[in-house]
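Me: I'm new to this one and would like to walk through it piece by piece. Can you show it to me first?

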Amino acid sequence: MPNAFTPHNTNPLSQHPQAWERAGKVKLLVLDVDGVLTNGQVWIGADGKESLKAFDIQDGLGIKLLEQCGIPTAIITGRNSKMVLARCDELGIKQVHMGVENKALALEEVLKTLGLKASDCAVMGDDWPDLAMMKNAGLRIAPAQAHEAVKEFAHYVTTYAGGNSAVREVCDLILKAQSRYEELLSQARQ
């Protein structure tokens, strides 16, 4: 029987208004890669190495819009990938931590470098390795296809799946909660 707070449902703003308040305080967005910035599939070529990753272009613009507003993005992922490095370089993401076994420790390093607290950040992850870094985040986010345990732990579950504009949905939420969205949209219409 569901309880009064079921954070694993999508369309969370209508069901979980605390996500709005939490998004209004975000100073840093921290993202896992596979299953968050991508759909979670890993393409292995004939050489036995990862050969392809697909990134959603709208996610990239959302990250750039946050950066325009002084909200940086950090990447913390368990895998190493030249494709991720190239995408982060393209988007101007400076905090990129790959091949990470202890994501919570990597997050502590990022926060120390930026002079922030865990409560200042939103963390988006899709599976068990992300739970420890999500634990103390001010806003815990899971994409729609995330593992059920992660969705139950999240303050906000996106309507969209990872690699399919889920990150853009989060960026828009943060921008709206911080009263920046309409200003940026107005500039884009000029």
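Me: Leaving aside its neighbours within four places in sequence, which residues is Asn80 in contact with?

Reply: Keep in mind that this is a predicted model. Asn80 sits in the loop between S4 and H4. Once you set aside the residues within four places in sequence, the contacts of Asn80 are Glu50, Met98 and Gly99.

Me: Is Asn80 buried or exposed?

Reply: A residue counts as exposed over 50% relative accessible area. Asn80 has a relative accessible area of 57%, so the word for Asn80 is exposed.

Me: How many Å apart in space are Asn80 and Val100, C-alpha to C-alpha?

Reply: Along the sequence, 20 residues separate Asn80 and Val100. In space, going from C-alpha to C-alpha, the gap between Asn80 and Val100 is 8.5 Å.

Me: Let's move to a helix. What span is expected for H3 at 1.5 Å a residue?

Reply: H3 covers residues 57–68, which is 12 residues. From its first C-alpha to its last, H3 reaches 17 Å. That is close to the expected span of H3, 16 Å.

Me: What do the buried residues of H3 pack against?

Reply: The buried residues in H3 are Asp59, Gly60, Gly62, Ile63, Leu65 and Leu66. Two strands and three helices take part in the packing: strand S1 (28–31), strand S4 (73–76), H4, H8 and helix H9 (181–189).

Me: Is H3 oblique or parallel to H4?

Reply: Two packed helices are described by the angle between their axes and the distance between the axes. For H3 and H4 (residues 82–91), the axes come within 10 Å and cross at roughly 45°. An angle under 35 degrees would count as roughly parallel. The crossing angle therefore makes the relation of H3 to H4 oblique.

Me: Which residues in H4 do Ile57, Gly60, Ile63 and Lys64 meet?

Reply: The crossing of H3 and H4 is right-handed. By class, this contact has 3 nonpolar, 1 polar and 3 charged residues. On the H4 side, the residues met by Ile57, Gly60, Ile63 and Lys64 are Arg87, Glu90 and Leu91.

Me: And what about H3 and H8: roughly parallel or oblique?

Reply: The axes of H3 and H8 (residues 166–177) are 7 Å apart, and the angle is about 25°. Angles under 35 degrees count as roughly parallel. So H3 and H8 are roughly parallel.

Me: Which residues of H8 make the contact with H3?

Reply: H3 and H8 have a left-handed crossing. The H3 side brings Gln58, Asp59, Leu61, Gly62, Ile63, Leu65 and Leu66. By class, the contact of H3 with H8 comes to 9 nonpolar, 2 polar and 2 charged residues. The H8 side consists of Ala166, Val167, Arg168, Cys171, Ile174 and Leu175.

Me: Is Leu173 buried or exposed?

Reply: Leu173 also belongs to helix H8. Its C-alpha is 14 Å from that of Ala142, 31 residues apart along the chain. A residue is buried under 20% relative accessible area. Leu173 has 3% relative accessibility, so Leu173 counts as buried.

Me: Which residues does Thr73 touch, not counting residues up to four places away in sequence?

Reply: Thr73 lies in strand S4. With a relative accessible area of 3%, Thr73 is buried. Its partners are Leu28, Leu29, Leu31, Ile63, Glu67, Ile93 and Gln95.

Me: About what phi does Ser165 have?

Reply: Most residues other than glycine have a negative phi. Ser165 sits in the loop between strand S8 (156–157) and H8, and is buried at 11% relative accessibility. Although it is not a glycine, Ser165 has a positive phi of about 75°.

Me: Is Ser179 buried or exposed?

Reply: Ser179 lies in the loop between H8 and H9. Its phi is a positive value, near 55°, and it is a residue other than glycine. The relative accessibility of Ser179 is 63%, so Ser179 counts as exposed.

Me: One more: is Pro129 buried or exposed?

Reply: You'll find Pro129 in the loop between strand S6 (121–124) and helix H6 (131–134). Pro129 and Thr38 are 91 residues apart in sequence and 16 Å apart in space, C-alpha to C-alpha. The relative accessibility of Pro129 is 54%, so Pro129 counts as exposed.

Methods: Residues numbered from 1 in each chain as written. Predicted model: local features only at pLDDT ≥ 70, side-chain atom pairs only at ≥ 80, totals over all residues. Heavy atoms only, no water. Helix = DSSP H or I, 4+ residues; strand = E, 2+ residues; numbered from the N terminus. Buried < 20%, exposed > 50% of the residue type's maximum accessible area, 1.4 Å probe, protein only. Axes fitted to C-alpha atoms, helices over the stretch in contact; angles between N-to-C directions. Parallel < 35°, antiparallel > 145°, perpendicular 65-115°, else oblique. Left-handed = near helix turned anticlockwise from the far one by under 90°. Contact = heavy atoms within 4.5 Å. Nonpolar A, V, L, I, M, F, W, Y, C, P; charged D, E, K, R; others polar. Expected span 1.5 Å × (residues − 1).
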